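Hello,

Here is the structure I promised to pass on to you. Have a look at it first, and then read my notes below.

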Amino acid sequence: MMDGHEVTVVDNFFTGRKRNVEHWIGHENFELINHDVVEPLYIEVDQIYHLASPASPPNYMYNPIKTLKTNTIGTLNMLGLAKRVGARLLLASTSEVYGDPEVHPQSEDYWGHVNPIGPRACYDEGKRVAETMCYAYMKQEGVEVRVARIFNTFGPRMHMNDGRVVSNFILQALQGEPLTVYGSGSQTRAFQYVSDLVNGLVALMNSNVSSPVNLGNPEEHTILEFAQLIKNLVGSGSEIQFLSEAQDDPQKRKPDIKKAKLMLGWEPVVPLEEGLNKAIHYFRKELEYQANNQYIPKPKPARVKKGRTRHS
């Protein structure tokens with residue numbers, strides 16, 4: 001919008017919140033539509049960033065059918081829209097297409113190692129078939145597509161209870177609760193800050209690279225290292241609690257971003273600690289906001305009929 005583009009945000013608020021965009025409401029270049037992409041959408045646009053889908057395991061496992069519909073019917077609807085109006089579509093795909101990888105780090109030519117019927121399959125396979133759909137539309141209908149395989153991302157305006165590693169740890173540390181680590185904590189993740197991802201998505205959309213591109217931070221850490229780092233940054237006395245490991249939880253996750261560097265001139269620039277401090281600051285304010293804006297229902301006084309109370 002600052003570059004003069006008109007932006008229409010389409011959200012059904014399954015995991016999003018109006019508060020995340022309320023500071024734009026009223027801006028002449030901004031429009032917000034409460035709509036579910038599982039239903040067709042008729043608007044005029046030049047570019048479509050198809051970001052719709054719950055992305056944290058608790059969210060997509062809560063409603064696996066909705067997750068599948070969003071990634072299949074929703075993607076078909078967005079590709080249909082792109083075809084009708086001649087728009088370019090960018091699909092927000094995921095590192096989950098690689099499953100629990102047997103190749104490390106993961107580059108774009110790795111086909112993945114995915115359980116098609118596991119608890120995470122609605123998301124993993126939903127995104128895999130969404131990629132298939134993009135290339136079918138490109139080949140058959142000439143639709144311009146871009147595919148970003150997004151690795152773990154965090155930052156302000158994340159849902160506090162979204163159940164992902166960073167938000168869980170920050171929330172637990174701020175509230176003085178134990179930081180819960182599934183399994184031994186030796187599984188690795190690589191986290192990028194949200195502003196780096198946004199720059200990567202815009203660069204990819206406006207490039208001429210139509211094959212999939214990894215967008216992520218190749219700096220790999222174990223979950224246990226994250227827990228200790230966040231605990232220290234928050235200054236929390238929380239202990240670390242080990243729980244049994246989650247089913248089909250990938251043991252290693254690290255993007256190979258050679259392609260993005262070479263073809264988009266993109267790489268993450270925000271250091272991990274700087275990003276974490278911004279996220280911690282946001283969560284602190286969010287907790288204060290919740291504490292100050294809690295609606296506590298008060299018992300209603302009984303309606304008094306002439307001369308007698310309703311309850312004895």
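Let me begin in a loop: Arg157 sits between strand 6 (153-154) and helix 4 (165-174). Helices (H or I, at least four residues) and strands (E, at least two) are DSSP runs, numbered from the N terminus. Please keep in mind that this is a predicted model, in which local features need pLDDT of at least 70 and side-chain atom pairs count only at pLDDT 80 or more, while totals for chains, interfaces and linings use all residues. Residues are numbered from 1 along each chain as its sequence is written, and side-chain values use heavy atoms, with hydrogens and water left out.

Back to the loops. Most residues other than glycine have a negative phi, and most peptide bonds are trans. Arg157, however, has a positive phi of about 70 degrees. With a relative accessible area of 43%, Arg157 is partly exposed (buried means under 20%, exposed over 50%, partly exposed in between, with a 1.4 Å probe and protein chains only). Ser53 also has a positive phi, near 155 degrees, and lies in the loop between strand 3 and helix 1 (57-62). Ser53 is buried, at 17% relative accessible area. In the loop between strand 4 and helix 3 (121-141) you will find Pro105; the peptide bond leading to Pro105 from His104 is cis, with omega near -10 degrees.

Now for the sheet. It is open and has four strands in the order 3-4-5-10, paired in parallel (two strands pair if DSSP finds at least two bridges between them). Strand 3 (47-50) and strand 10 (213-215) are at the edges with a single partner strand each, so one side of each has no neighbour in the sheet. On average, neighbouring strands are turned by 25 degrees against each other, direction ignored (axes are lines fitted to C-alpha atoms, for helices over the stretch in contact, and angles run from 0 to 180 degrees between N-to-C directions). Strand 4 (residues 88-94) and strand 5 (residues 145-150) are joined by six bridges, and Ala92 stands opposite Ala148 of strand 5.

Two helices to look for pack on this sheet. Helix 2 (residues 64-85) touches strand 3, strand 4 and strand 5, and its direction makes about 175 degrees with that of strand 3 (contact means heavy atoms within 4.5 Å). Helix 5 (residues 194-205) touches strand 3, strand 4, strand 5 and strand 10, at about 155 degrees to the direction of strand 5.

Best wishes
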